[in-house]
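I opened this model to look up a few local features and note them down. The entries follow in the order I checked them.

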Amino acid sequence: MKGKVLLKTALAVTATAVAGSLGTDPRSTWYQRLKKPPWQPPPQAFPLVWTPLYGLITYAGARAFSRTGPERGQAVKRALTANLLLNAAWPALFFRTRTPKLALAEILVLNASNVLLIRRTWPADRRAALALLPYAGWTVFATALNTAIARRNP
């Protein structure tokens with residue numbers, strides 16, 4: 001893995017993580033009053049999950065970029081860029097606009113983006129694609145959680 005590629009990928013993923021954390025406010029009165037499913041993890045669980053997931057995204061992205069040619073590399077880059085933008089947007093849609101249904105629509109697009117990212121990464125490097133699976137799994141769980149909150153809070 002090339003150091004410059006790893007650094008650029010890490011910076012993009014870190015920017016996504018920072019944007020997401022700035023958009024998240026689990027202490028807000030609005031969020032506290034939402035009816036949530038009993039299986040929702042406590043707020044402190046989310047950074048414990050997201051930190052290694054962002055590490056895996058960085059690893060997978062840099063590894064795929066380093067093991068592919070310019071044409072396929074551009075496809076991976078576009079898929080990762082779109083995915084990171086969607087990832088960063090969800091917290092703002094959910095917590096700042098306070099519209100769980102809009103956030104649900106967005107996270108469904110993020111799930112599709114995860115599938116596309118894995119499909120684009122697979123031919124470049126299978127290990128990188130497999131490293132993205134926990135992230136895709138977590139966003140499916142987040143989709144279920146978002147769905148349950150949207151249903152409980154019309």
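Leu130 came up first in my notes; I placed Leu130 in helix 6, residues 126-131. The model is predicted, and I read every entry here with that in mind.

I then looked up whether Leu130 is buried or exposed. Leu130 has 47% relative accessibility. Buried would need under 20% and exposed over 50%, so Leu130 counts as partly exposed.

Next I looked for the partners of Leu130 on the surface. Trp122, Leu130 and Leu133 make a nonpolar surface patch of about 290 Å².

I turned to the interior. I found one cavity of 30 Å³ or more in the structure. The largest cavity holds about 30 Å³ of space. Which residues line the largest cavity? I listed Ile57, Ala60, Gly61, Val76, Leu80, Leu117, Thr121 and Leu132. Two or more lining residues come from each of helix 3 (45-66), helix 4 (70-96) and helix 5 (100-121). Helix 3 gives the largest share of this lining, three residues. By residue class, I noted six nonpolar, two polar and no charged residues in the lining.

Last, I checked a backbone angle. Most residues other than glycine have a negative phi. I noted Arg98 as a residue other than glycine with a positive phi, near 55°. Arg98 sits in the loop between helix 4 and helix 5. Its relative accessibility is 44%, so I entered Arg98 as partly exposed.

Technical notes: Residues are numbered from 1 along each chain as its sequence is written. This is a predicted model: local features need pLDDT of at least 70, side-chain atom pairs count only at pLDDT 80 or more; totals for chains, interfaces and linings use all residues. Side-chain values use heavy atoms; hydrogens and water are left out. On a 1 Å grid over the protein atoms alone, a cavity is a set of points where a 1.4 Å probe fits but cannot get out, and a pocket is an open set with protein on both sides within 12 Å along at least five of seven lines; lining residues have an atom within 4 Å of a point. Grid points are joined across faces, edges and corners, and a volume is the space filled by probe spheres set on the points. Helices (H or I, at least four residues) and strands (E, at least two) are DSSP runs, numbered from the N terminus. Ala, Val, Leu, Ile, Met, Phe, Trp, Tyr, Cys and Pro count as nonpolar, Asp, Glu, Lys and Arg as charged, and the others, Gly among them, as polar. Buried means under 20% relative accessible area, exposed over 50%, partly exposed in between (1.4 Å probe, protein chains only). Patches are made of residues with over 30% relative accessible area and no salt bridge: like charges are joined within 9 Å, nonpolar side chains (Val, Leu, Ile, Met, Phe, Trp, Tyr) within 5 Å. Accessible areas come from the Shrake-Rupley method with a 1.4 Å probe; for residues, only the protein chains shown count as cover. A salt bridge is a side-chain nitrogen of Lys or Arg within 4 Å of a carboxyl oxygen of Asp or Glu.
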